[in-house]
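Here's a quick tour of one protein chain, written for someone just getting started with structures. Have a look at the picture first, then work through the points below.

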Amino acid sequence: MDDDLNTSVALAAVHELTREVNTALARRVLRADNKREIIAAIERIDSVLNVIGRPQREMLNEEIQKLIAERQEARHRRDFARADEIRNQLAERGIVLEDTKDGVRWKRK
């Protein structure tokens, strides 16, 4: 425990593996079965370190607009807790809201 379970060494090894795999991919010397083995190894490593995460579902513009409308309605009702919750939900998905005098604008990070 004094070395924090050597997490920094493990992360350095993952970084080195990533560098080597990227080089092999660039040179087109990685076979399909090697790719599957590497992905399985990285998933095993991540099951312990939990640093890679999972890709989130991409939001469609329609979904974003619905949430923004719901947020505007919550603000109108002075339900600022719900409005903040929606803003945070969108931020987690990479959507930044900008309140302007002309209304709300959004953009992807």
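Let's start with the outside: the protein chain exposes about 8,900 Å², and carbon and sulfur atoms supply 51% of that area. Keep in mind that you're looking at a predicted model. Of the 109 residues in the protein chain, 16% count as buried.

**The whole chain**

- The protein chain has four helices and two strands. Reading from the N terminus, the order of the elements is α-α-α-α-β-β.
- How big would the radius of gyration of a compact globule of 109 residues be? It would be near 13 Å, but the protein chain comes out at 21 Å.
- If you lay the C-alpha trace along its principal axes, the protein chain spans about 55 × 40 × 20 Å.
- Take the contacts between residues at least 6 apart in sequence: 41% of them join residues at least 24 apart.

**Helix H1**

- Helix H1 runs over residues 7-27, which makes 21 residues. At 1.5 Å a residue it should span 30 Å, and its end C-alpha atoms are indeed 30 Å apart, so the two values agree.
- Which residues of H1 are buried? They are Val-14, Val-21 and Ala-24. Look down the axis of H1 and you'll see these buried residues fall within an arc of 90 degrees, so they line one face of the helix.
- Turn to the face of H1 that points away from the buried side, and you'll find the exposed residues Ser-8, Val-9, His-15, Ala-26 and Arg-27.
- Part of the cover over the buried residues of H1 comes from helix H2, residues 32-49.
- Thr-23 also belongs to H1. With a relative accessible area of 31%, Thr-23 is partly exposed, because that value sits between the 20% limit for buried and the 50% limit for exposed.

**Two loop residues with an unusual phi**

- Here's a handy rule: most residues other than glycine have a negative phi.
- Arg-28 isn't a glycine, yet it has a positive phi of about 60 degrees. You'll find Arg-28 just after H1, in the loop between H1 and H2. Is Arg-28 buried or exposed? Its relative accessibility is 76%, so it counts as exposed.
- Asn-50 is another non-glycine residue with a positive phi, near 55 degrees. Asn-50 lies in the loop between H2 and H3, and it's exposed, with a relative accessible area of 60%.
- How far apart are Thr-23 and Asn-50? In sequence they are separated by 27 residues, and in space by 24 Å, going from C-alpha to C-alpha.

**Asp-46 in helix H2**

- Asp-46 sits in helix H2. Its relative accessible area is 8%, and buried means under 20%, so Asp-46 is buried.
- A polar atom of the Asp-46 side chain lies 2.9 Å from the backbone nitrogen of Ile-52.
- Leave aside the neighbours within four places in sequence, and Asp-46 is in contact with Val-51, Ile-52, Gly-53 and Arg-54.

**Helix H4 and what it packs against**

- Helix H4 covers residues 80-92 and has 13 residues. From its first C-alpha to its last it reaches 18 Å, close to the 18 Å expected at 1.5 Å a residue.
- Ala-83, Ile-86 and Leu-90 are the buried ones to look for in H4. They cover an arc of only 65 degrees around the axis, which puts them on the same side of H4.
- Over on the other side of H4, Ala-81 and Glu-92 are exposed.
- What do the buried residues of H4 pack against? They pack against helix H3 (61-76) and strand E1 (95-100).
- After H4 comes Gly-94, which has a positive phi near 85 degrees.

**Arg-71 in helix H3**

- Arg-71 is found in helix H3. Arg-71 is buried, with a relative accessible area of 3%.
- The side chains of Arg-71 and Asp-99 are joined by a polar contact of 3.0 Å.
- Not counting residues up to four places away in sequence, Arg-71 touches Ala-83, Ile-86, Arg-87, Leu-97, Asp-99 and Val-104. Two of these names, Ala-83 and Ile-86, are also among the buried residues of H4.

Methods
Residues are numbered from 1 along each chain as its sequence is written. This is a predicted model: local features need pLDDT of at least 70, side-chain atom pairs count only at pLDDT 80 or more; totals for chains, interfaces and linings use all residues. Side-chain values use heavy atoms; hydrogens and water are left out. The expected span of a helix is 1.5 Å times one less than its number of residues. Buried means under 20% relative accessible area, exposed over 50%, partly exposed in between (1.4 Å probe, protein chains only). The arc is that of the directions from the helix axis to the C-beta atoms. Contact means heavy atoms within 4.5 Å. A polar contact is a pair of N or O atoms within 3.5 Å; within protein, one must be able to donate a hydrogen and the other to accept it, and residues adjacent in sequence count only if both atoms are side-chain atoms. The radius of gyration is taken over C-alpha atoms; the globule rule is 2.2 Å times the number of residues to the power 0.38. Accessible areas come from the Shrake-Rupley method with a 1.4 Å probe; for residues, only the protein chains shown count as cover.
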